[in-house]
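Open your viewer and switch to a cartoon view. We will go from stop to stop, selecting as we go.

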Amino acid sequence: MIKAVLFDFDGVLTIDKTGSTTTINYIANTCNIPLDNVKANYYKFNKQLLLGETTHQEIWQEFCESLGQSVDYDILLDSFRETRLDERMIALVKELKEKYLIGMVTDNKYDRISTILNYRGLNQYFDVVAISASVHSGKESRNIFDHALNKLNVNVNECVFIDNTEKNLIVPKQMGMSTILFNDDNRDHELFRRDLQRILISHDR
């Protein structure tokens, strides 16, 4: 029986495929800086940010210096707040919350996710939020999934995990978790709902 539904964040609950894409595009557009320049300099720090080895506050001055332009830190926070959510997926989260435990498992920056959840008032819908920067583990290992399972107090075969990147489904599938690949190109919500419903029903038998 499925007791918990776990969602990736970017590309599943949001429109953009990755959070870095959202952040970089916002800074480039707002500050009128060439996109390639922002992208190259931001990605110098991306892995460390994702694993919680540093924070945006710690790298911001160096980022601006390498960018060759001062960028107000509030613009970064605005990029978090302006993240485009997929409202149909958010509605599904709220709907599923009535019957299932809901979790988020995401390779992400802690300050970004906490800012978005607080700003959008979404904390109440998630029973666990497992962020790579907090757990110091990405979805290429089972640590972040074990963290979510322990917090939810459920077995691995009682969960379904949804992600928009196929390689991120390898580890949870090996662990024995049901998985769904969400196609973030066509964003076919009806097909996704059918796939999810099929899993939920099959585990109720």
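This tour visits a sheet, the helices beside it, and one loop residue.

**Before you start**

This is a predicted model, where local features need pLDDT of at least 70, side-chain atom pairs count only at pLDDT 80 or more, and totals for chains, interfaces and linings use all residues. Residues are numbered from 1 along each chain as its sequence is written, and side-chain values use heavy atoms, with hydrogens and water left out.

Helices (H or I, at least four residues) and strands (E, at least two) are DSSP runs, numbered from the N terminus.

**Stop 1: the sheet**

Which order do the five strands of the open sheet take? Read across: β3-β2-β1-β4-β5, with parallel pairing. Two strands pair if DSSP finds at least two bridges between them. Strands of a sheet pair through backbone hydrogen bonds, either parallel or antiparallel.

Now colour the edge strands, β3 and β5 (178-181). Each of them pairs on one side only. From one strand to the next, the twist averages 20°. Angles here run from 0 to 180 degrees between N-to-C directions; axes are lines fitted to C-alpha atoms, for helices over the stretch in contact.

**Stop 2: strand β2 and its neighbours**

Select residues 101-106, strand β2. Five of its six residues are buried, so β2 is largely enclosed by the rest of the structure. Buried means under 20% relative accessible area; exposed is over 50%, and partly exposed lies in between (1.4 Å probe, protein chains only).

Add β1, residues 4-7, which pairs with β2 in the parallel sense over four bridges. Find Val5: its bridge partner in β2 is Ile102. Then add β3, residues 128-131, joined to β2 by four bridges and running parallel to it. Here Val105 stands opposite Ala130 of β3.

**Stop 3: strand β4**

Select residues 159-163, strand β4. Is β4 largely enclosed or open? Five of its five residues are buried, so β4 is largely enclosed by the rest of the structure. Show the side chains. Cys159, Phe161 and Asp163 point one way, Val160 and Ile162 the other way, and all are buried.

Four bridges join β4 to β1, and the two run parallel. Look for Ala4, whose bridge partner in β4 is Cys159. β4 and β5 also pair in the parallel sense, over four bridges. There, Phe161 has Thr179 of β5 as its bridge partner.

**Stop 4: helices on the sheet**

Select residues 110-120, helix α6. This helix lies across β2 and β3, running at about 150° to β3. Next, select residues 189-202, helix α10, which packs on the sheet and touches β4 and β5. The direction of α10 makes about 170° with that of β5.

**Stop 5: helix α4 and its partners**

Select residues 73-81, helix α4, together with residues 19-31, helix α1. Their axes come within 9 Å and cross at roughly 125°. α1 and α4 are therefore oblique to each other. Angles under 35 degrees count as roughly parallel, over 145 as roughly antiparallel, 65 to 115 as roughly perpendicular and the rest as oblique. Show the contact (heavy atoms within 4.5 Å). Among its residues are Thr22 and Tyr26 of α1 and Ile75 and Leu76 of α4.

Swap α1 for α3, residues 56-67. The axes of α3 and α4 come within 11 Å and cross at roughly 125°. His56, Gln57 and Trp60 of α3 make the contact with Tyr73, Leu76 and Phe80 of α4. These residues divide into four nonpolar, two polar and no charged. Ala, Val, Leu, Ile, Met, Phe, Trp, Tyr, Cys and Pro count as nonpolar, Asp, Glu, Lys and Arg as charged, and the others, Gly among them, as polar.

Now bring back α6. The axes of α4 and α6 come within 8 Å and cross at roughly 60°. That makes α4 oblique to α6. Tyr73, Leu77, Phe80 and Arg81 in α4 meet α6 residues including Asp111, Thr115 and Tyr119. By class, the contact of α4 with α6 has five nonpolar, one polar and four charged residues.

**Stop 6: Gly138**

Where does Gly138 lie? Look in the loop between α7 (132-135) and α8 (143-152). Gly138 is buried, with a relative accessible area of 4%. Not counting residues up to four places away in sequence, Gly138 touches Leu51, Asp107, Ser132 and Ile144. Last, draw a distance to Tyr42. Gly138 and Tyr42 are 96 residues apart in sequence and 19 Å apart in space, C-alpha to C-alpha.
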